[in-house]
Amino acid sequence: MALEHAILVSLSERSGSGYELTRRFEKSIGLWWSATHQQIYRVLKRMEDAGWVAVAPVAQSGKPDKKVYTVGDAGRAELARWLAEPDPSATARELAVKIRGAALGDPAAVAAEVARHRDAHAARLDAYLLIEKHDFPDPRVLSGQSLHQFLVLRGGIRTEQGHVEWLEEVLRAFHHDA
């Protein structure tokens with residue numbers, strides 16, 4: 001996924017200038033996606049050239065006009081296409097963007113994507129738990145390299161548990177909202 005989709009979701013929630021988008025990315029959106037001022041302006045220019053966003057100049061007293069960006073029809077179509085597109089390799093931040101933007105497209109398609117990712121994380125968790133059971137039956141006796149290997153495995157287990165729990169929470173919320 002490109003920064004473009006995160007910006008489309010943000011602008012769909014509320015139009016704004018590049019400066020305002022930067023502030024949003026530093027606050028709420030920045031929890032799952034970081035972007036610099038320069039990155040946002042470069043991407044906005046590409047999006048404007050592609051017809052995904054429209055720009056309206058707004059006069060300011062004693063300052064240059066500011067450009068306020070809104071999502072255009074082509075941008076809405078691109079966002080809907082992307083939201084519905086399965087992506088087995090999507091990262092947690094990319095999935096978070098899809099979840100945040102679900103109402104802007106097909107929520108059922110986003111829920112199906114969330115379920116696929118939940119299942120993949122659950123399968124990985126099961127594999128890690130089998131390794132733990134087989135290779136580290138008594139972690140209390142571990143030291144040195146084997147302890148370090150175990151600790152990394154535990155990190156993987158906890159990460160996958162967190163993903164599974166979060167994605168199940170998302171699915172319950174989507175089901176409740178339907």
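# Helices, domains and salt bridges

Me: In which helix does Pro-107 lie?
Reply: This is a predicted model, in which local features need pLDDT of at least 70, side-chain atom pairs count only at pLDDT 80 or more, and totals for chains, interfaces and linings use all residues. Residues are numbered from 1 along each chain as its sequence is written, and side-chain values use heavy atoms, with hydrogens and water left out. Helices are DSSP runs (H or I, at least four residues), numbered from the N terminus. By that numbering, Pro-107 lies in helix 6.

Me: Is Pro-107 buried, partly exposed or exposed?
Reply: Relative accessible area decides this, with a 1.4 Å probe and protein chains only: buried is under 20%, exposed is over 50%, and partly exposed is in between. Pro-107 has a relative accessible area of 39%, so the residue counts as partly exposed.

Me: Which residues does Pro-107 touch, not counting residues up to four places away in sequence?
Reply: Touching, or contact, means heavy atoms within 4.5 Å. The C-alpha atoms of Pro-107 and Ala-84 are 8.4 Å apart in space, and the two residues are 23 apart in sequence. With residues up to four places away left out, Pro-107 touches Ala-102 and Phe-174.

Me: How far apart do the C-alpha centres of domain 1 and domain 2 lie?
Reply: The domain bounds come from an automatic or database domain assignment. Domain 1 covers 1-86 and domain 2 covers 107-177. The distance between their C-alpha centres is 34 Å.

Me: What is the area buried between domain 1 and domain 2?
Reply: Buried area is the accessible area (1.4 Å probe) that two parts lose on being put together, summed over both. Carbon and sulfur atoms give 65% of the area here. The area buried between domain 1 and domain 2 is about 250 Å².

Me: Which three residues supply 94% of the area that domain 1 buries against domain 2?
Reply: The contact takes 4 residues from domain 1 and 4 residues from domain 2. No other three residues of domain 1 supply more of its buried area than Leu-83, Ala-84 and Pro-86.

Me: How many salt bridges does the rule find across the interface of domain 1 and domain 2?
Reply: A salt bridge is a side-chain nitrogen of Lys or Arg within 4 Å of a carboxyl oxygen of Asp or Glu. The structure holds 13 salt bridges. Across the interface of domain 1 and domain 2, the number found is 0.

Me: Which residues of helix 5 are buried?
Reply: Helix 5 runs over residues 92-100. Its buried residues pack against helix 1 (3-13), helix 4 (73-84), helix 6 (107-135) and helix 7 (144-177). The buried residues are Glu-94, Leu-95, Ala-96, Val-97, Lys-98 and Ile-99.

Me: What is the relative accessible area of Ser-17?
Reply: Ser-17 sits in the loop between helix 1 and helix 2 (18-26). Ser-17 touches Lys-66, Lys-67, Val-68 and Tyr-69, not counting residues up to four places away in sequence. Ser-17 is buried, with a relative accessible area of 5%.

Me: With which residue does Glu-4 form a salt bridge?
Reply: Glu-4 is buried, at 13% relative accessible area. Its partner lies in helix 3 (residues 37-50), whereas Glu-4 is in helix 1, and the pair links parts of the chain 42 residues apart. The closest N and O atoms are 3.1 Å apart, and the partner is Arg-46.

Me: How far apart are the closest N and O atoms of Asp-73 and Arg-76?
Reply: Both residues lie in helix 4, 3 residues apart, about one turn of the helix. Asp-73 is exposed, with a relative accessible area of 59%, and Arg-76 is partly exposed at 42%. They form a salt bridge whose closest N and O atoms are apart by 2.4 Å.

Me: In which helices do Arg-154 and Glu-132 lie?
Reply: Arg-154 forms a salt bridge with Glu-132, the closest N and O atoms being 3.2 Å apart. The pair ties together parts that are 22 residues apart in sequence, because Arg-154 and Glu-132 lie, in that order, in helix 7 and helix 6.

Me: Which residues are linked with Arg-81 in a network of salt bridges?
Reply: This case goes beyond a single pair, since a network links three residues, Arg-81 being one of them. The others in the network are Glu-78 and Glu-85.

How values were computed: Helices (H or I, at least four residues) and strands (E, at least two) are DSSP runs, numbered from the N terminus.
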